[in-house]
Amino acid sequence: MKISLSWLKRHVDFSWSASELAERLTLRGFESEVATDFSTLDHVVVGQVISCQKHPDADKLSLCKVSDGSTEFDVICGAPNVATNQKIVFAKVGAILPGNFKIGKAKIRGIESHGMICSERELGISEEHEGILVLDDKAKVGTSIEKVLGPLFNAIEVEITPDKGFALSHRGIAREIAAMTNQSLKIPFSLQKPKQNTSLEKISIDLDSKGGCTRYIGAVMNDVKVGPSPDWLKNYLKSVGQKSINNLVDISNFILLEIGQPTHIFDFSKFKKRTVAVQWAKEKEKYHALDEETYELSQNHLVITDSKETVALAGIIGGYDSAVTDMTTEVLIESAYFDPIIIRKGSKKLGLLSEASRRFERGIDPNSSMEALLIIIQLIEEIAGGKLSSQITDSCAVNLESKKLYLSEINLNSVIGQITPKKEITSLLKQLDFNPKETKDGWECLIPTYRHDIDQEADLVEEVLRSIGYENIQSDFTYQTTLVNTKDDEYSISKLKNHLSSLGFSQCYNNSLQDISEVNAFGINPIEVLNPTSERMNTLRTTLHQGLLKNLDYNFKNGNADVQFYEYGTIFSKEGEGLSGINQQSSFSSLVHGNWQDNNVHFKSIPLSFYYLKGVLENINVHFMSTKLKFITNKHPYLDSYQDIVDSKGDSIASIGTVKSSFLRKLDIAHKHPVHLMDINLQTFDQYSNYAVKFQEIAPYPKVIRDLNFKLSSSVIIGDVVKVMQSTNQSILIDVKPVDIFKKSKQDSDQDVLFKLTFQSDKKTLEDNDVNPIINDVIKIISSKFKGILRDK
């Protein structure tokens with residue numbers, strides 16, 4: 001949501017810049033960033049068009065002479081509304097506009113242009129770009145644009161999570177600023193409910209019986225003149241990217257952005273009957289909406305009718321046939337409270353999200369409905385010349401009282417982890433508008449009706465923590481939990497994590513909510529979230545690979561190319577319809593990239609390769625599983641050299657592969673070396689990791705090392721040769737390792753492989769007559785089974 005700093009100052013005073021405000025709100029749980037900040041624009045000033053004539057070689061271009069108060073510049077402009085004597089926004093050569101758009105000298109159709117006359121879009125104010133932004137004649141030429149446009153259009157973008165619907169307005173954000181600065185909110189409008197004139201018409205309002213609408217307020221105004229809005233209203237809307245439509249529509253939009261209450265203004269003369277009935281739509285009813293689209297409704301959609309025809313889709317969008325036009329003179333003002341769940345379901349079913357539904361589905365303040373209606377009546381009287389011609393009808397079935405919650409001091413301090421003075425907590429609760437009353441053991445709080453998110457004591461604790469500032473909570477190097485974890489699988493996974501950490505791996509923690517466009521790339525049916533916390537966190541992850549690759553990208557771009565990562569977390573897959581069709585399981589993945597050791601004067605570099613990961617897995621097997629591993633070559637959608645690793649029963653142990661370069665380019669993952677991934681099957685690992693450890697005495701006698709160099713066919717799998725050698729004599733041949741492989745060229749059909757054989761006895765010192773017979777047996781078996789030829793050297 002775009003928030004204007006000048007608009008905020010209607011409600012609360014502050015001196016922070018856009019970037020300072022964004023940072024402070026982010027620390028309070030409202031992720032914010034700067035949208036427009038004119039203080040960052042250098043070489044952008046108020047200019048004046050001294051002369052304007054057609055470009056000699058282009059019909060749609062104008063050759064302008066622009067003054068910055070001291071110098072005149074030739075500027076080529078393509079806007080149709082540029083004219084002589086206009087005060088405009090002039091970006092001189094060297095200026096950098098929003099979006100990192102750099103202004104330089106340019107030759108256009110043979111004539112040099114020295115700067116740019118800017119539109120609203122180029123300044124980041126709105127998407128308007130059909131013409132240049134023309135300033136007030138009072139603007140002084142040469143003045144920095146910060147002083148002219150900054151006070152009006154400096155703004156920030158605030159990400160509002162679904163539970164914080166109270167912040168979807170300028171007053172909502174102003175409350176946060178007031179709490180931070182220990183101020184009271186200003187009251188921009190002086191409101192007084194008009195005395196009910198019983199001689200005036202009273203509009204009949206019938207609410208639905210199922211509780212879809214629990215408050216509906218209506219009032220009729222006559223003698224309304226539809227026309228353009230005053231500049232102050234246009235500028236407020238423009239400051240948040242809203243385009244002015246007409247005075248009535250602008251008033252309704254202003255109230256929505258001002259206090260967060262959606263309203264609607266109908267052309268009352270178009271009603272078949274002068275009444276309002278909130279009811280449920282007919283099955284397959286056709287509804288022509290304001291966006292000029294026709295929607296098919298169901299019996300689960302709540303609609304507003306004149307008791308004969310549908311005039312609005314409740315809480316979502318108004319009807320085309322009852323819309324205000326330039327000819328409208330009589331209007332019905334609607335200000336209501338609709339059930340959040342019904343609005344959300346109705347909106348989702350149609351795929352129709354509006355600014356109104358966005359607020360209703362998060363829960364608005366039922367007490368703001370009357371306030372919004374009174375402000376609209378006041379503004380229509382001032383701006384459109386209308387007069388109240390009916391009684392204000394308020395059909396209300398919702399509880400408008402504040403609810404009570406108790407906050408225990410002991411519980412609060414135990415969660416915070418530090419003792420905070422009681423007076424300080426009382427002050428914070430007052431700033432949050434919770435009307436605290438101190439008791440012996442805590443506080444009795446009255447929760448205002450706009451705070452739907454405060455429902456239990458834990459919510460109050462969270463609010464106090466937000467107000468103190470998470471960055472101000474003292475660090476503690478001890479870990480405590482009230483939960484006793486006795487699950488054996490968690491214990492075995494903890495051992496696995498500790499072991500990988502000892503090998504140099506770092507653990508990563510990534511969010512299980514990801515962007516659907518990225519999740520789709522991994523080729524598994526994604527599960528979309530019905531009510532995502534943000535546009536970039538709308539889908540449950542289907543693999544841990546996505547997060548690990550992002551971790552690599554971030555580290556590589558920040559100068560850390562040599563990485564060993566692992567992550568333990570939950571992944572999700574869709575195996576059917578509804579909640580029962582969602583499969584959730586724990587997963588364990590690791591990623592390596594770069595070098596384990598860089599080149600230096602003593603050693604060659606050791607790459608973090610596919611074989612390094614293979615060695616890590618074998619190391620895990622030795623320490624925790626003690627089973628025979630079998631590597632099976634397989635295919636994978638985005639991994640090359642993919643190997644499934646199984647045990648003797650064929651049960652999956654793990655898988656290893658190298659990420660395809662094309663896939664890394666598709667995801668735009670920064671890298672220099674091959675990227676390797678390994679997944680460990682936690683279910684199988686847990687079964688094996690509980691095996692009994694056997695004690696074996698250390699042999700007191702020396703080892704005997706012998707090297708054998710065989711010439712073998714390139715098609716021979718070295719692992720098979722090792723297994724055959726190990727089976728020759730398992731009593732004293734304790735280890736066989738291939739230590740070197742040599743081929744004259746890649747095309748050579750033969751390879752020389754050097755094997756190191758280790759012999760040891762736990763009973764005596766071995767001699768040649770003990771070892772040589774086994775060596776001879778090995779030579780014979782390798783010669784006969786693999787056609788291997790023993791090399792002399």
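Visitor: Which strand is joined to S33 by six bridges, and where does that strand lie?
Guide: Welcome! Keep in mind that this is a predicted model. S33 covers residues 582-593 and also pairs with strand S32 (residues 563-574) in the antiparallel sense. The strand joined to S33 by six bridges runs antiparallel to S33, and the name you want is S39, residues 675-680.

Visitor: In S39, which residue is the bridge partner of Phe 588?
Guide: Six bridges join S33 to S39, and Phe 588 takes part in this pairing. The partner of Phe 588 in S39 is Ile 680.

Visitor: How many bridges pair S32 with S33?
Guide: Let us begin with one example: Gly 569 has Ser 587 of S33 as its bridge partner. Strands S32 and S33 pair in the antiparallel sense, and the number of bridges is 12.

Visitor: What is the strand order in the open sheet of three strands?
Guide: Start from the edges, where each strand pairs on one side only: these are S1 (2-4) and S2 (32-36). S2 is joined by four bridges to S12 (residues 155-158), and the two run antiparallel. One bridge there links Glu 33 with Glu 157 of S12. With antiparallel pairing in this open sheet, the order is S1-S12-S2.

Visitor: Which helix packs on that sheet?
Guide: From one strand to the next, the twist of the sheet averages 35 degrees. The helix packing on this sheet touches S2 and S12, and its direction makes about 155 degrees with that of S2. That helix spans residues 18-27 and is called H2.

Visitor: Which strand gives the most to the lining of the second largest pocket?
Guide: This pocket holds about 990 Å³ of space and is lined by 36 residues, with Met 1, Glu 157, Glu 159, Arg 358 and Glu 535 nearest its centre. The elements that each supply at least two lining residues are S2, S12, helix H7 (340-350) and helix H8 (355-360). The lining divides into 11 nonpolar, 11 polar and 14 charged residues. Four of the lining residues come from the element that gives the most, strand S2.

Visitor: How much space lies in the largest pocket?
Guide: The lining has 50 residues, of which Glu 618, Val 722, Lys 723, Gln 726 and Val 736 lie nearest the centre of the pocket. Helix H16 (610-625), helix H19 (718-726) and strand S41 (733-742) are among the elements that each supply at least two of them. By kind, the lining divides into 21 nonpolar, 17 polar and 12 charged residues. The space in this largest pocket comes to about 2,600 Å³.

Visitor: What is the volume of the largest cavity?
Guide: The count of cavities of 30 Å³ or more comes to three. The largest cavity is lined by 15 residues, including Gly 165, Phe 166 and Asp 365, which are among those nearest its centre. Its lining divides into five nonpolar, six polar and four charged residues. The volume of this largest cavity is about 120 Å³.

Visitor: Why does the pair of Trp 7 and Phe 254 count as stacked?
Guide: The structure holds 21 aromatic pairs. In this pair the ring centres are 5.1 Å apart. Trp 7 lies in helix H1 (residues 5-8) and Phe 254 in helix H6 (residues 247-259), so distant parts of the chain, 247 residues apart, are linked by a pair that is stacked. Planes under 30 degrees apart count as stacked, and the planes of these two rings are at 10 degrees.

How values were computed
Residues are numbered from 1 along each chain as its sequence is written. This is a predicted model: local features need pLDDT of at least 70, side-chain atom pairs count only at pLDDT 80 or more; totals for chains, interfaces and linings use all residues. Side-chain values use heavy atoms; hydrogens and water are left out. Two strands pair if DSSP finds at least two bridges between them. Axes are lines fitted to C-alpha atoms, for helices over the stretch in contact, and angles run from 0 to 180 degrees between N-to-C directions. Contact means heavy atoms within 4.5 Å. On a 1 Å grid over the protein atoms alone, a cavity is a set of points where a 1.4 Å probe fits but cannot get out, and a pocket is an open set with protein on both sides within 12 Å along at least five of seven lines; lining residues have an atom within 4 Å of a point. Grid points are joined across faces, edges and corners, and a volume is the space filled by probe spheres set on the points. Ala, Val, Leu, Ile, Met, Phe, Trp, Tyr, Cys and Pro count as nonpolar, Asp, Glu, Lys and Arg as charged, and the others, Gly among them, as polar. Rings of Phe, Tyr and Trp (its six-membered ring) pair if their centres lie within 6.5 Å; planes under 30 degrees apart count as stacked, over 60 as edge-to-face and the rest as tilted.
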